Amino acid sequence: MNSFLIVRLGSLGDVVHGIPVAAALRTEFPSARIDWMVDPRYIELLDRVTCIDRRIGVDPRAITYGPGRGRFRETMRELREMDYEAVIDLQGLLKSAMLARSVRGRRTIGFPRKHLREPLARFFYTSTPDPGEATHVIYKNLALLAPLKVQDRRVRFPIDIPQSATAAQISSRFQPAGYVLINPGAAWPNKQWPPERFGAIASEILDDFGIRSLVLWGPGEQELAHRVVETSTGAAEVSPPTTISDLLAISKGARLMISGDTGPLHIAGAVDTPIVALFGPTRPERNGPWGLYDVAISRVQQCSCVYERHCKMPERCIDDIGVADVMSAVHRRMAARG
């Protein structure tokens with residue numbers, strides 16, 4: 001029986017972008033064993049992915065130090081006994097490449113040098129298929145399946161949407177019009193659009209469509225969410241605390257998601273939520289929504305701090321996106337939904 005190991009530890013959005021690889025492997029090898037090495041924080045997401053057999057939690061912070069070091073060594077011993085046909089490194093970092101090669105699969109597949117953030121990772125791979133003209137990270141990931149002769153590389157997300165009490169309460173509260181999701185946070189400050197503008201968007205959506213908004217927040221973002229609500233003139237409310245499972249269900253039930261480039265945006269894309277995405281220092285053609293009618297508003301062409309967490313300029317490029325720009329995109333996306 002064929003067996004495969006995917007290595008993609010994080011972050012949340014990047015794990016989402018790797019799911020089509022598991023789906024393509026399952027289509028090509030229906031009886032294969034498909035495992036995934038991931039940061040324990042994202043096992044909850046992969047638990048909902050129906051084509052994966054085993055989720056192996058590896059904390060990258062515990063590999064070289066801490067009490068988890070012994071457990072990590074035990075995990076690696078177990079993985080070496082699996083005799084994987086291929087170990088596929090979707091992360092492309094030196095650490096992930098070393099982990100992938102350390103499993104001692106029959107082959108270790110990763111990106112060629114020009115597609116790596118850390119070029120030394122190349123020396124740990126036995127196969128480095130070139131993604132060619134692929135721009136989006138999803139299609140780059142799928143290109144790594146070429147050495148395995150996987151022909152069907154369609155973008156699929158076999159995710160089992162959970163029954164969530166939190167999502168059910170939200171759905172009931174926002175009946176009958178439903179709700180728009182607003183996600184103002186992001187791991188990088190450089191990706192965050194001003195919360196007051198999100199508040200203005202919520203107010204205009206209520207005026208134009210009669211739909212109120214729910215404002216999501218993650219660790220350390222509750223104050224940001226409250227600022228959106230405070231400036232929305234009563235058009236938005238703060239979401240209760242959510243797990244990843246809650247977020248899957250809440251996103252599936254939303255009329256629209258408005259967000260910067262961050263994990264919840266990509267979860268929404270994976271469950272087919274209509275999207276309006278705001279991009280400053282990152283490229284939507286690489287990280288953006290992939291749905292046919294989704295809209296990405298980008299200022300990366302004028303950005304001087306591309307793929308940097310903090311802006312070094314007097315004014316951030318994402319701040320050049322105005323409320324009118326976003327509302328125009330909202331109207332186009334809502335019309336496309338029919």
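**Exercise 1. Work out how helix H1 packs against helix H10.**

Step 1. Start with the axes: those of H1 (residues 12–28) and H10 come within 7 Å and cross at roughly 25°. Axes here are lines fitted to C-alpha atoms, for helices over the stretch in contact, and angles run from 0 to 180 degrees between N-to-C directions. Helices (H or I, at least four residues) and strands (E, at least two) are DSSP runs, numbered from the N terminus.

Before going on, a word on the model: it is predicted, so local features need pLDDT of at least 70 and side-chain atom pairs count only at pLDDT 80 or more, while totals for chains, interfaces and linings use all residues. Residues are numbered from 1 along each chain as its sequence is written, and side-chain values use heavy atoms, with hydrogens and water left out.

Step 2. Name the arrangement. H1 and H10 are roughly parallel to each other, given that angles under 35 degrees count as roughly parallel, over 145 as roughly antiparallel, 65 to 115 as roughly perpendicular and the rest as oblique.

Step 3. Add the hand. H1 and H10 make a left-handed crossing; a crossing is left-handed if the near helix is turned anticlockwise from the far one by less than a right angle, and right-handed if clockwise.

Step 4. List who touches whom. From H1 come Leu12, Gly13, Val16 and His17, and from H10 come Gly263, Pro264, His266, Ile267 and Ala270. Contact means heavy atoms within 4.5 Å.

Step 5. Sort the residues of this contact of H1 with H10: five are nonpolar, four polar and none charged. For the classes, Ala, Val, Leu, Ile, Met, Phe, Trp, Tyr, Cys and Pro count as nonpolar, Asp, Glu, Lys and Arg as charged, and the others, Gly among them, as polar.

**Exercise 2. Now do the packing of H9 with H10.**

Step 1. The axes of H9 (residues 244–252) and H10 (residues 263–270) come within 9 Å and cross at roughly 55°. That makes H9 oblique to H10.

Step 2. The crossing of H9 past H10 is right-handed.

Step 3. On the H9 side, Ile244, Leu247, Leu248 and Ser251 take part, meeting Pro264, Ile267 and Ala268 in H10. Sorted by class, the contact of H9 with H10 has six nonpolar residues, one polar and no charged ones.

**Exercise 3. Check the length of helix H7, then look at its buried residues and its end.**

Step 1. H7 (residues 195–209) has 15 residues, which at 1.5 Å a residue should span 21 Å. The rule is 1.5 Å times one less than the number of residues.

Step 2. Compare: the end C-alpha atoms of H7 are 21 Å apart, which agrees.

Step 3. Pick out the buried residues of H7: Pro195, Phe198, Gly199, Ile201, Ala202, Ser203 and Ile205. Buried means under 20% relative accessible area, exposed over 50%, partly exposed in between (1.4 Å probe, protein chains only).

Step 4. See what comes after H7: glycine 210, with a positive phi near 70°.

**Exercise 4. Describe H7 against H8, then zoom in on glutamate 196.**

Step 1. H7 and H8 (residues 222–230) pack at an angle of about 45°, with axes 7 Å apart. H7 is therefore oblique to H8, and H7 passes H8 in a right-handed crossing.

Step 2. In the contact, Pro195, Glu196, Phe198 and Gly199 of H7 meet Leu224, Arg227 and Val228 of H8. The contact of H7 with H8 divides into four nonpolar, one polar and two charged residues.

Step 3. Glutamate 196 sits in H7 and is partly exposed, at 35% relative accessible area. Leaving out residues up to four places away in sequence, glutamate 196 touches Arg227 and Thr231.

**Exercise 5. Find the backbone oddities in the loops.**

Step 1. Look for cis peptide bonds. One joins glycine 10 and serine 11, with omega about -5°; serine 11 lies in the loop between strand E1 (3–7) and H1. Another runs from glutamine 175 to proline 176, with omega near 0°, and proline 176 is in the loop between H6 (165–173) and strand E6 (179–183).

Step 2. Look for positive phi outside glycine. Lysine 149 has phi near 60°, sits between H5 (137–143) and H6 in a loop, and is exposed at 55%. Threonine 233 has phi of about 50°, lies in the loop between H8 and strand E8 (236–238), and counts as exposed at 66% relative accessibility.
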